[in-house]
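Me: I'm new to this one, so please pick a single part and take me through it closely. I'd also like to know what sits around that part.

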Amino acid sequence: MRLRTMAATAAVASLVLGGVAAAPSFAADDPTTVPGVVTDVLTPEEEAQVHAQADAADTVDMYYKGERIDPASDWEGAQICVEVSEDGTMQCFDNDREANTYLSANAPTAEGRAGAKRALTDRAYRDCPSNWVCLWQNSNYSGRRLQWPTYSEAKTRHLNQYSPSFRDKASSAFINRPQRGVELYDFRSGLPDPHLFLGAGYSLYSNFANIDYTYGGSWNDKADAIKF
Ligand SMILES: [Ca+2]
């Protein structure tokens with residue numbers, strides 16, 4: 001059962017967002033394909049808060065091969081763009097080895113650096129280093145990827161700032177950390193905004209087409225913003 005009541009959503013919201021210790025836990029050792037998802041709509045108050053935190057007009061500096069790029073240029077061929085500063089700055093890369101080599105020295109948190117370093121030698125590495133959150137353009141963790149670190153406090157980003165690749169494009173995710181889930185939002189005009197909680201606990205979400213959307217259909221290619 002994917003669609004739950006408002007009460008259940010509120011309970012999960014407080015668990016996920018209220019504190020590290022109380023976050024829901026799933027299988028701790030291995031990534032799981034069991035989606036610990038909850039989807040519902042925001043209250044008007046929550047909606048106002050999210051819109052204030054993530055504006056479609058937000059911009060972010062993105063760099064690739066030492067040059068600043070225009071996100072509207074479709075990343076100039078890069079495949080992976082990773083947030084490397086709390087101000088939202090992204091560094092983009094051709095492949096995992098390049099990304100993890102850079103991040104093992106330059107990620108904004110010690111855990112992020114450690115995860116990238118481990119990924120360079122881990123034979124079971126799954127394309128999203130430990131202590132990071134990843135969102136892919138296609139199902140089954142394929143296509144272009146956005147990647148965010150784990151800060152002490154959650155951040156909300158509008159996916160439009162990484163366009164044209166990511167608004168209404170996200171199709172799979174990996175929450176590769178033990179605690180603190182991720183929330184995705186779909187901004188609607190004239191209707192309450194749906195949101196989707198993805199549980200933490202090294203959780204894999206291979207295909208958003210399998211997650212029911214509040215107003216019918218699925219969450220595939222719907223997300224406009226992320227809280228990580
Ligand atoms: Ca949308």
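Reply: Let's begin with a word I'll lean on: a residue is buried if 20 or more other C-beta atoms lie within 10 Å of its own, exposed if 12 or fewer, and partly exposed in between, with C-beta atoms placed from the backbone. What you're looking at is a predicted model, where local features need pLDDT of at least 70 and side-chain atom pairs count only at pLDDT 80 or more, while totals for chains, interfaces and linings use all residues. Residue numbers start from 1 along each chain, following the sequence as written.

A quick overview first. The protein has four helices and 13 strands; these are DSSP runs numbered from the N terminus, with helices (H or I) of at least four residues and strands (E) of at least two. Of its 228 residues, 42% are buried.

The part I'd pick is helix H4, residues 110-121. It has twelve residues, which should span 16 Å at 1.5 Å a residue, and its end C-alpha atoms are 18 Å apart, which agrees. (The expected span is 1.5 Å times one less than the number of residues.)

Which residues of H4 are buried? They are Gly112, Gly115, Ala116 and Ala119. Look down the axis of H4 and these buried residues fall within an arc of 95 degrees, so they line one face of the helix. The arc here is that of the directions from the helix axis to the C-beta atoms. There's a general pattern behind this: an α-helix has 3.6 residues a turn, so residues three or four places apart point the same way. On the face of H4 turned away from the buried side, you'll find the exposed residues Ala110 and Thr121.

So what covers that buried side? The cover includes helix H3, strand E6 and strand E7 (142-149). Let's visit some of those neighbours.

H3 covers residues 96-106, and its buried residues are Asp96, Ala99, Asn100 and Leu103. Viewed down the axis of H3, they fall within an arc of 90 degrees, so they line one face as well. Arg97 and Ala105 are exposed, on the face of H3 turned away from its buried side. The buried residues of H3 pack against H4, strand E4 (80-83) and strand E5 (90-93).

One residue to look for in E4 is Ile80. It counts as buried, with 24 C-beta neighbours inside 10 Å. Leaving out residues up to four places away in sequence, Ile80 touches Cys92, Phe93, Asp96, Ala99, Arg145 and Gln147 (two residues are in contact if their C-beta atoms, placed from the backbone, lie within 7 Å). Ile80 and Asp94 are 14 residues apart in sequence, but 6.4 Å apart in space from C-alpha to C-alpha.

Now follow the chain on from H4. The loop between H4 and E6 holds Asn131, which counts as buried with 20 C-beta neighbours inside 10 Å. Asn131 also has a positive phi of about 75 degrees although it isn't a glycine. As a rule, most residues other than glycine have a negative phi. Lys65, in the loop between strand E2 (62-64) and strand E3, has a positive phi too, near 55 degrees. Lys65 is partly exposed, with 13 other C-beta atoms within 10 Å.

Past that loop you reach E6, residues 132-138, which pairs with strand E9 in the antiparallel sense over five bridges. (Two strands pair if DSSP finds at least two bridges between them.) Val133 stands opposite Ile175 in E9. E9 itself covers residues 172-176, and five of its five residues are buried. Both of its faces are covered: Ser172, Phe174 and Asn176 are buried on one side, Ala173 and Ile175 on the other. E9 is also joined by three bridges to strand E12 (residues 203-205), running antiparallel. There, Ile175 stands opposite Ser203.

To retrace the route: H4 turns a buried face towards a cover that includes H3, E6 and E7, H3 packs against E4 and E5 as well as H4, and E6 leads on to E9 through their five bridges.
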